[in-house]
Amino acid sequence: MKYILVLVSVFCSEFVLGQINPNATKETQNLYRNLLEISGKPIFFGHQDALSYGLNPDKSRWVGDKNRADVQSVTGEYPAVIGYDLGRLEFDSLNNLDGVPFDEMRRNIVVTYKRGGLSTISWHLNNPVNPLKTSWDKEEFTIRRVLSNPEKLKVYYSWLDRVSDFLLNLKDKDGTLVPVIFRPLHEHTGSWFWWGADHCTPDEYKEFWSLTINYLLKTKGVNNILIGYSTDVFRDKRHYLERYPGNDFADILGFDIYHRNAPESNQQFSAQLKRMLSELKLLGAENRKPIAITETGLEQIVVADWWTGVLLPVIADSGISYFLVWRNGYDKHYYAPFSGQASGEDFKKMIKSKKVVLEKGIRQLSIYRNREN
Ligand code: BMA
(Lines give C-alpha, C1' and ligand atoms only; values in the text may rest on other atoms or scores of the structure.)
Protein backbone atom coordinates (compact mmCIF):
# COMPACT_ATOMS: atom_id res chain seq x y z
CA MET A 1 0.00 0.00 0.00
CA LYS A 2 2.75 2.37 1.04
CA TYR A 3 4.62 1.52 -2.14
CA ILE A 4 1.58 2.30 -4.27
CA LEU A 5 1.12 5.64 -2.51
CA VAL A 6 4.73 6.56 -3.17
CA LEU A 7 4.32 5.62 -6.80
CA VAL A 8 1.13 7.63 -7.10
CA SER A 9 2.71 10.69 -5.54
CA VAL A 10 5.77 10.40 -7.77
CA PHE A 11 3.49 10.13 -10.78
CA CYS A 12 1.36 13.05 -9.64
CA SER A 13 4.26 15.32 -8.86
CA GLU A 14 5.73 14.51 -12.23
CA PHE A 15 2.43 15.23 -13.85
CA VAL A 16 2.27 18.73 -12.41
CA LEU A 17 5.89 19.29 -13.31
CA GLY A 18 6.06 22.85 -14.51
CA GLN A 19 3.88 24.28 -11.77
CA ILE A 20 5.98 26.45 -9.51
CA ASN A 21 4.33 26.15 -6.13
CA PRO A 22 4.53 22.66 -4.57
CA ASN A 23 2.20 23.87 -1.81
CA ALA A 24 -0.55 24.98 -4.16
CA THR A 25 -4.01 23.87 -3.05
CA LYS A 26 -5.46 20.76 -4.61
CA GLU A 27 -7.88 22.81 -6.73
CA THR A 28 -5.04 25.02 -7.95
CA GLN A 29 -2.93 22.01 -8.89
CA ASN A 30 -5.88 20.46 -10.68
CA LEU A 31 -6.43 23.71 -12.54
CA TYR A 32 -2.84 23.75 -13.74
CA ARG A 33 -2.94 20.14 -14.84
CA ASN A 34 -6.28 20.55 -16.58
CA LEU A 35 -5.18 23.66 -18.45
CA LEU A 36 -2.17 21.73 -19.71
CA GLU A 37 -4.22 18.75 -20.65
CA ILE A 38 -6.99 20.68 -22.39
CA SER A 39 -4.44 22.90 -24.15
CA GLY A 40 -6.86 24.86 -26.22
CA LYS A 41 -9.27 22.11 -27.15
CA PRO A 42 -11.45 24.05 -26.60
CA ILE A 43 -10.20 27.61 -26.04
CA PHE A 44 -11.87 29.61 -23.25
CA PHE A 45 -13.20 33.07 -24.03
CA GLY A 46 -12.44 35.76 -21.47
CA HIS A 47 -13.60 39.33 -20.90
CA GLN A 48 -12.19 41.94 -18.51
CA ASP A 49 -14.64 43.24 -15.87
CA ALA A 50 -17.47 41.38 -17.63
CA LEU A 51 -19.68 41.20 -14.54
CA SER A 52 -19.06 44.72 -13.30
CA TYR A 53 -20.25 47.04 -16.05
CA GLY A 54 -20.84 47.26 -19.78
CA LEU A 55 -22.84 48.96 -22.49
CA ASN A 56 -26.50 49.29 -23.34
CA PRO A 57 -27.62 49.13 -27.00
CA ASP A 58 -27.30 52.96 -27.24
CA LYS A 59 -23.75 52.69 -25.84
CA SER A 60 -24.62 54.35 -22.56
CA ARG A 61 -23.06 52.53 -19.61
CA TRP A 62 -24.63 50.10 -17.17
CA VAL A 63 -22.78 49.65 -13.90
CA GLY A 64 -23.13 47.05 -11.17
CA ASP A 65 -26.29 45.30 -12.40
CA LYS A 66 -26.45 41.93 -10.72
CA ASN A 67 -26.10 38.86 -12.96
CA ARG A 68 -25.53 40.97 -16.03
CA ALA A 69 -22.72 40.70 -18.57
CA ASP A 70 -22.59 42.03 -22.13
CA VAL A 71 -21.55 38.73 -23.66
CA GLN A 72 -24.37 37.09 -21.77
CA SER A 73 -26.93 39.45 -23.28
CA VAL A 74 -25.63 38.49 -26.73
CA THR A 75 -25.25 34.72 -26.27
CA GLY A 76 -27.17 33.78 -23.12
CA GLU A 77 -23.95 32.68 -21.44
CA TYR A 78 -21.34 34.32 -19.26
CA PRO A 79 -17.74 34.32 -20.45
CA ALA A 80 -15.65 31.29 -19.45
CA VAL A 81 -12.91 33.53 -18.08
CA ILE A 82 -13.37 36.85 -16.32
CA GLY A 83 -10.58 39.38 -15.85
CA TYR A 84 -10.16 41.74 -12.88
CA ASP A 85 -7.66 44.42 -11.93
CA LEU A 86 -6.40 45.23 -8.44
CA GLY A 87 -5.14 48.75 -9.22
CA ARG A 88 -5.68 50.98 -6.10
CA LEU A 89 -5.85 48.03 -3.71
CA GLU A 90 -2.52 49.50 -2.56
CA PHE A 91 -4.50 52.18 -0.74
CA ASP A 92 -7.58 52.25 1.42
CA SER A 93 -9.68 52.50 -1.69
CA LEU A 94 -12.99 50.67 -1.85
CA ASN A 95 -12.95 50.66 -5.65
CA ASN A 96 -10.29 49.79 -8.19
CA LEU A 97 -8.91 52.25 -10.72
CA ASP A 98 -11.90 51.70 -13.01
CA GLY A 99 -14.46 52.07 -10.25
CA VAL A 100 -15.08 48.37 -9.54
CA PRO A 101 -15.71 47.75 -5.81
CA PHE A 102 -13.21 45.24 -4.42
CA ASP A 103 -15.96 43.56 -2.41
CA GLU A 104 -18.03 42.99 -5.51
CA MET A 105 -14.95 41.66 -7.26
CA ARG A 106 -14.35 39.15 -4.52
CA ARG A 107 -17.96 37.97 -4.68
CA ASN A 108 -17.88 37.67 -8.46
CA ILE A 109 -14.67 35.64 -8.39
CA VAL A 110 -16.34 33.16 -6.04
CA VAL A 111 -19.52 33.09 -8.14
CA THR A 112 -17.46 32.44 -11.26
CA TYR A 113 -15.62 29.60 -9.53
CA LYS A 114 -18.91 28.05 -8.43
CA ARG A 115 -20.04 28.22 -12.03
CA GLY A 116 -16.92 26.32 -13.10
CA GLY A 117 -15.36 29.42 -14.70
CA LEU A 118 -11.93 30.94 -14.28
CA SER A 119 -10.77 34.35 -13.04
CA THR A 120 -7.57 36.13 -13.94
CA ILE A 121 -6.21 39.16 -12.12
CA SER A 122 -3.91 41.92 -13.32
CA TRP A 123 -2.60 44.79 -11.22
CA HIS A 124 -2.17 48.34 -12.54
CA LEU A 125 -0.52 49.40 -9.32
CA ASN A 126 0.71 52.87 -8.51
CA ASN A 127 4.38 53.69 -8.16
CA PRO A 128 5.98 52.61 -4.86
CA VAL A 129 8.61 55.34 -5.15
CA ASN A 130 5.92 57.98 -5.38
CA PRO A 131 2.53 56.45 -4.53
CA LEU A 132 0.69 59.42 -6.02
CA LYS A 133 1.89 58.39 -9.44
CA THR A 134 0.11 55.73 -11.44
CA SER A 135 1.38 52.73 -13.43
CA TRP A 136 1.72 55.04 -16.41
CA ASP A 137 3.85 57.70 -14.66
CA LYS A 138 7.38 56.75 -15.43
CA GLU A 139 9.50 57.80 -12.49
CA GLU A 140 13.11 57.15 -13.44
CA PHE A 141 14.34 53.68 -12.52
CA THR A 142 11.57 52.88 -10.08
CA ILE A 143 12.56 49.24 -9.76
CA ARG A 144 16.20 50.05 -9.05
CA ARG A 145 15.13 52.57 -6.43
CA VAL A 146 12.73 50.16 -4.76
CA LEU A 147 15.27 47.35 -4.69
CA SER A 148 17.98 49.56 -3.22
CA ASN A 149 15.94 51.53 -0.70
CA PRO A 150 14.58 49.62 2.33
CA GLU A 151 11.92 52.28 2.93
CA LYS A 152 10.51 51.99 -0.59
CA LEU A 153 10.74 48.24 -0.43
CA LYS A 154 8.70 48.34 2.75
CA VAL A 155 6.02 50.32 0.94
CA TYR A 156 5.98 47.74 -1.85
CA TYR A 157 5.74 44.84 0.60
CA SER A 158 2.86 46.55 2.37
CA TRP A 159 1.07 46.68 -0.97
CA LEU A 160 1.77 43.00 -1.52
CA ASP A 161 0.31 42.34 1.94
CA ARG A 162 -2.95 43.84 0.73
CA VAL A 163 -2.85 41.77 -2.44
CA SER A 164 -2.25 38.65 -0.35
CA ASP A 165 -5.16 39.49 1.95
CA PHE A 166 -7.40 39.90 -1.06
CA LEU A 167 -6.30 36.61 -2.62
CA LEU A 168 -6.52 34.66 0.63
CA ASN A 169 -10.05 35.93 1.15
CA LEU A 170 -11.30 34.36 -2.05
CA LYS A 171 -13.16 31.52 -0.40
CA ASP A 172 -16.37 29.71 -1.18
CA LYS A 173 -19.00 28.89 1.46
CA ASP A 174 -17.11 25.79 2.59
CA GLY A 175 -13.95 27.79 3.08
CA THR A 176 -12.23 26.38 -0.01
CA LEU A 177 -9.77 28.84 -1.47
CA VAL A 178 -10.69 29.81 -5.01
CA PRO A 179 -7.81 29.41 -7.48
CA VAL A 180 -7.10 32.37 -9.75
CA ILE A 181 -4.44 33.41 -12.22
CA PHE A 182 -2.39 36.34 -10.95
CA ARG A 183 -0.63 38.23 -13.74
CA PRO A 184 1.55 41.02 -12.38
CA LEU A 185 3.99 43.44 -14.06
CA HIS A 186 2.54 42.79 -17.49
CA GLU A 187 3.40 44.16 -20.94
CA HIS A 188 6.98 44.72 -19.84
CA THR A 189 8.40 44.47 -23.37
CA GLY A 190 6.70 47.85 -23.85
CA SER A 191 7.70 50.98 -21.92
CA TRP A 192 4.37 52.62 -20.96
CA PHE A 193 4.43 51.32 -17.36
CA TRP A 194 7.12 52.08 -14.78
CA TRP A 195 8.18 48.42 -14.90
CA GLY A 196 8.53 48.54 -18.70
CA ALA A 197 11.62 47.79 -20.78
CA ASP A 198 13.10 51.30 -20.88
CA HIS A 199 12.84 51.79 -17.13
CA CYS A 200 14.76 48.82 -15.78
CA THR A 201 17.39 46.35 -16.91
CA PRO A 202 16.41 42.72 -17.56
CA ASP A 203 18.19 41.71 -14.34
CA GLU A 204 16.36 44.32 -12.30
CA TYR A 205 13.03 43.22 -13.74
CA LYS A 206 13.76 39.58 -13.00
CA GLU A 207 14.88 40.36 -9.47
CA PHE A 208 11.78 42.44 -8.82
CA TRP A 209 9.58 39.71 -10.26
CA SER A 210 11.11 36.91 -8.19
CA LEU A 211 10.98 39.02 -5.04
CA THR A 212 7.28 39.61 -5.71
CA ILE A 213 6.46 35.97 -6.34
CA ASN A 214 8.56 34.69 -3.44
CA TYR A 215 6.85 37.11 -1.11
CA LEU A 216 3.36 36.06 -2.20
CA LEU A 217 3.99 32.33 -2.32
CA LYS A 218 6.56 31.73 0.38
CA THR A 219 6.22 34.57 2.88
CA LYS A 220 2.47 35.01 2.64
CA GLY A 221 1.53 31.44 1.71
CA VAL A 222 -0.82 32.42 -1.09
CA ASN A 223 -1.38 28.91 -2.40
CA ASN A 224 -4.39 29.55 -4.61
CA ILE A 225 -2.70 31.37 -7.49
CA LEU A 226 -1.11 30.44 -10.76
CA ILE A 227 1.38 33.04 -11.89
CA GLY A 228 0.92 34.45 -15.38
CA TYR A 229 3.87 35.95 -17.24
CA SER A 230 2.77 38.19 -20.09
CA THR A 231 4.84 40.32 -22.39
CA ASP A 232 3.44 42.71 -24.91
CA VAL A 233 4.36 42.23 -28.59
CA PHE A 234 7.73 40.49 -28.92
CA ARG A 235 10.09 40.07 -31.86
CA ASP A 236 11.26 36.51 -31.31
CA LYS A 237 11.90 33.86 -28.69
CA ARG A 238 14.97 35.66 -27.41
CA HIS A 239 13.01 38.85 -26.91
CA TYR A 240 10.21 36.95 -25.17
CA LEU A 241 12.69 35.40 -22.75
CA GLU A 242 14.89 38.45 -22.23
CA ARG A 243 13.14 39.30 -18.95
CA TYR A 244 11.73 35.87 -18.18
CA PRO A 245 12.37 35.19 -14.50
CA GLY A 246 12.78 31.43 -15.05
CA ASN A 247 10.61 28.36 -14.87
CA ASP A 248 10.45 28.50 -11.09
CA PHE A 249 8.66 31.84 -11.18
CA ALA A 250 5.90 31.56 -13.80
CA ASP A 251 3.13 29.04 -14.39
CA ILE A 252 1.43 30.38 -17.49
CA LEU A 253 3.13 31.90 -20.49
CA GLY A 254 1.26 34.56 -22.38
CA PHE A 255 1.34 37.84 -24.18
CA ASP A 256 -0.89 40.85 -24.78
CA ILE A 257 -1.57 42.02 -28.31
CA TYR A 258 -4.08 44.54 -29.62
CA HIS A 259 -5.34 44.94 -33.15
CA ARG A 260 -5.18 48.59 -34.21
CA ASN A 261 -6.02 50.37 -37.48
CA ALA A 262 -8.43 47.76 -38.76
CA PRO A 263 -9.38 46.84 -41.41
CA GLU A 264 -6.25 48.11 -43.21
CA SER A 265 -4.01 46.16 -40.85
CA ASN A 266 -5.99 42.89 -40.81
CA GLN A 267 -3.37 40.89 -42.70
CA GLN A 268 -0.54 42.36 -40.75
CA PHE A 269 -2.22 41.65 -37.41
CA SER A 270 -2.99 38.05 -38.40
CA ALA A 271 0.56 37.45 -39.53
CA GLN A 272 2.06 38.93 -36.38
CA LEU A 273 -0.30 37.02 -34.11
CA LYS A 274 0.38 33.81 -36.00
CA ARG A 275 4.12 34.18 -35.62
CA MET A 276 3.88 35.01 -31.91
CA LEU A 277 1.54 32.11 -31.27
CA SER A 278 3.79 29.61 -32.97
CA GLU A 279 6.72 30.81 -30.86
CA LEU A 280 4.62 30.69 -27.71
CA LYS A 281 3.45 27.18 -28.51
CA LEU A 282 7.04 25.95 -28.66
CA LEU A 283 7.89 27.76 -25.43
CA GLY A 284 4.88 26.24 -23.70
CA ALA A 285 5.79 22.75 -24.87
CA GLU A 286 9.48 23.12 -23.96
CA ASN A 287 8.66 24.34 -20.47
CA ARG A 288 5.47 22.35 -19.84
CA LYS A 289 3.46 25.51 -19.17
CA PRO A 290 -0.05 26.36 -20.34
CA ILE A 291 -0.15 29.28 -22.78
CA ALA A 292 -2.65 32.09 -23.33
CA ILE A 293 -3.37 35.38 -25.06
CA THR A 294 -3.69 37.24 -21.79
CA GLU A 295 -5.13 40.41 -23.37
CA THR A 296 -6.29 41.19 -26.85
CA GLY A 297 -9.02 42.90 -28.80
CA LEU A 298 -10.00 45.37 -31.45
CA GLU A 299 -11.32 48.56 -29.88
CA GLN A 300 -14.97 49.15 -30.88
CA ILE A 301 -14.82 45.91 -32.94
CA VAL A 302 -15.01 47.89 -36.15
CA VAL A 303 -14.75 44.74 -38.28
CA ALA A 304 -18.13 43.01 -37.97
CA ASP A 305 -16.73 39.55 -38.66
CA TRP A 306 -13.54 40.06 -36.64
CA TRP A 307 -14.13 36.96 -34.49
CA THR A 308 -14.34 34.38 -37.25
CA GLY A 309 -12.74 36.43 -40.03
CA VAL A 310 -9.57 37.60 -38.28
CA LEU A 311 -9.10 35.99 -34.88
CA LEU A 312 -10.42 32.44 -35.05
CA PRO A 313 -8.43 31.20 -38.07
CA VAL A 314 -5.19 32.16 -36.32
CA ILE A 315 -5.95 30.91 -32.82
CA ALA A 316 -7.96 27.77 -33.64
CA ASP A 317 -5.05 25.33 -33.44
CA SER A 318 -2.68 27.44 -31.39
CA GLY A 319 -2.96 25.44 -28.17
CA ILE A 320 -3.82 28.51 -26.05
CA SER A 321 -5.91 27.84 -22.98
CA TYR A 322 -7.76 31.11 -23.26
CA PHE A 323 -7.83 34.59 -24.71
CA LEU A 324 -9.16 37.60 -22.85
CA VAL A 325 -10.52 40.73 -24.50
CA TRP A 326 -10.31 44.00 -22.64
CA ARG A 327 -13.09 45.88 -20.90
CA ASN A 328 -16.31 47.43 -22.20
CA GLY A 329 -15.43 50.70 -20.49
CA TYR A 330 -17.40 53.33 -22.38
CA ASP A 331 -18.82 54.19 -25.79
CA LYS A 332 -15.45 54.51 -27.51
CA HIS A 333 -13.56 51.93 -25.49
CA TYR A 334 -15.01 48.41 -25.72
CA TYR A 335 -13.79 45.03 -26.91
CA ALA A 336 -16.65 42.54 -26.50
CA PRO A 337 -20.04 42.56 -28.22
CA PHE A 338 -23.02 43.89 -26.29
CA SER A 339 -26.67 43.80 -27.18
CA GLY A 340 -27.06 45.49 -30.59
CA GLN A 341 -23.32 45.69 -31.31
CA ALA A 342 -22.48 44.89 -34.93
CA SER A 343 -20.17 41.90 -34.32
CA GLY A 344 -22.65 40.00 -32.14
CA GLU A 345 -23.77 37.55 -34.82
CA ASP A 346 -20.21 36.76 -35.78
CA PHE A 347 -19.30 36.26 -32.13
CA LYS A 348 -22.10 33.69 -31.90
CA LYS A 349 -20.74 32.01 -35.00
CA MET A 350 -17.36 31.66 -33.28
CA ILE A 351 -19.03 29.99 -30.30
CA LYS A 352 -21.03 27.72 -32.63
CA SER A 353 -17.75 26.49 -34.09
CA LYS A 354 -17.11 24.94 -30.62
CA LYS A 355 -13.47 25.87 -30.90
CA VAL A 356 -14.07 28.68 -28.43
CA VAL A 357 -16.35 28.20 -25.43
CA LEU A 358 -18.13 30.26 -22.79
CA GLU A 359 -19.58 29.38 -19.41
CA LYS A 360 -21.20 26.07 -20.37
CA GLY A 361 -18.16 24.78 -22.19
CA ILE A 362 -15.80 25.45 -19.31
CA ARG A 363 -18.20 24.06 -16.72
CA GLN A 364 -18.35 20.72 -18.54
CA LEU A 365 -14.59 20.42 -18.27
CA SER A 366 -14.48 20.64 -14.45
CA ILE A 367 -11.18 22.44 -14.42
CA TYR A 368 -10.81 22.33 -10.62
CA ARG A 369 -11.34 18.58 -10.34
CA ASN A 370 -8.88 15.80 -10.67
CA ARG A 371 -10.31 14.51 -13.91
CA GLU A 372 -8.28 11.29 -13.74
CA ASN A 373 -10.67 9.90 -11.14
C1 BMA B 1 -6.50 50.46 -19.98
C2 BMA B 1 -7.75 51.29 -20.20
C3 BMA B 1 -7.90 52.20 -19.02
C4 BMA B 1 -7.94 51.38 -17.71
C5 BMA B 1 -6.74 50.45 -17.64
C6 BMA B 1 -6.79 49.51 -16.44
O7 BMA B 1 -6.25 49.65 -21.05
O8 BMA B 1 -8.87 50.44 -20.28
O9 BMA B 1 -9.09 52.93 -19.15
O10 BMA B 1 -7.96 52.21 -16.59
O11 BMA B 1 -6.65 49.68 -18.81
O12 BMA B 1 -7.91 48.68 -16.47
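In this predicted model, Ser321 occupies the loop that connects helix 10 (306-315) with strand 10 (322-325). Its relative accessible area is 4%, so Ser321 is classed as buried. Although Ser321 and Ile38 are separated by 283 residues in sequence, their C-alpha atoms are 7.3 Å apart in space.

Helix 10, which precedes this loop, is itself mostly covered, with eight of its 10 residues buried. The buried positions in helix 10 are Trp306, Trp307, Thr308, Val310, Leu311, Leu312, Val314 and Ile315. As background, an α-helix has 3.6 residues a turn, so residues three or four places apart point the same way.

**The ligand site**

The space that the ligand takes up is the largest pocket. Around the ligand stand Leu97, Asp98, His124, Trp136, Trp326, Arg327 and His333. By residue class, this shell consists of three nonpolar, two polar and two charged residues. Three of the shell residues place a polar side-chain atom opposite a ligand oxygen atom, as tabulated here.

| Residue | Partner | Distance |
|---|---|---|
| Trp326, polar side-chain atom | oxygen atom of the ligand | 3.0 Å |
| Arg327, polar side-chain atom | oxygen atom of the ligand | 2.8 Å |
| His333, polar side-chain atom | oxygen atom of the ligand | 2.6 Å |

On its own, the ligand has 310 Å² of accessible area, and the protein covers 75% of this.

**A buried asparagine in a loop**

Asn126 is found in the loop between strand 5 (118-122) and helix 5 (142-148). With a relative accessible area of 7%, Asn126 falls under the 20% limit and therefore counts as buried. The side chain of Asn126 makes a polar contact with the backbone oxygen of Pro131, at a distance of 2.8 Å.

**Backbone geometry**

Most residues other than glycine have a negative phi, and most peptide bonds are trans. Several positions in the model depart from these tendencies, and they are described in turn.

The peptide bond that runs from Lys41 to Pro42 is cis, its omega being near 5 degrees. Pro42 belongs to the loop between helix 2 (26-38) and strand 1 (43-48). Another cis peptide bond links Ala262 to Pro263, with omega about 5 degrees. Pro263 lies in the loop that leads from strand 8 (252-259) to helix 9 (266-287).

Leu185 is not a glycine, yet its phi is positive, at about 45 degrees. This residue, Leu185, sits in the loop between strand 6 (180-183) and helix 7 (202-219). Is Leu185 buried or exposed? Its relative accessibility is 3%, so Leu185 counts as buried.

Ser366 likewise is a residue other than glycine with a positive phi, here about 40 degrees. Ser366 is located in the segment after helix 12 (359-364). Its relative accessible area is 23%, so Ser366 is partly exposed. The value for Ser366 is therefore between the limits of 20% for buried and 50% for exposed residues.

How values were computed:
Residues are numbered from 1 along each chain as its sequence is written. This is a predicted model: local features need pLDDT of at least 70, side-chain atom pairs count only at pLDDT 80 or more; totals for chains, interfaces and linings use all residues. Side-chain values use heavy atoms; hydrogens and water are left out. A residue is near a molecule or strand if one of its heavy atoms lies within 4 Å of it. A polar contact is a pair of N or O atoms within 3.5 Å; within protein, one must be able to donate a hydrogen and the other to accept it, and residues adjacent in sequence count only if both atoms are side-chain atoms. Accessible areas come from the Shrake-Rupley method with a 1.4 Å probe; for residues, only the protein chains shown count as cover. On a 1 Å grid over the protein atoms alone, a cavity is a set of points where a 1.4 Å probe fits but cannot get out, and a pocket is an open set with protein on both sides within 12 Å along at least five of seven lines; lining residues have an atom within 4 Å of a point. A molecule sits in a cavity or pocket if more than half of its atoms lie within 2 Å of its grid points. Ala, Val, Leu, Ile, Met, Phe, Trp, Tyr, Cys and Pro count as nonpolar, Asp, Glu, Lys and Arg as charged, and the others, Gly among them, as polar. Helices (H or I, at least four residues) and strands (E, at least two) are DSSP runs, numbered from the N terminus. Buried means under 20% relative accessible area, exposed over 50%, partly exposed in between (1.4 Å probe, protein chains only).
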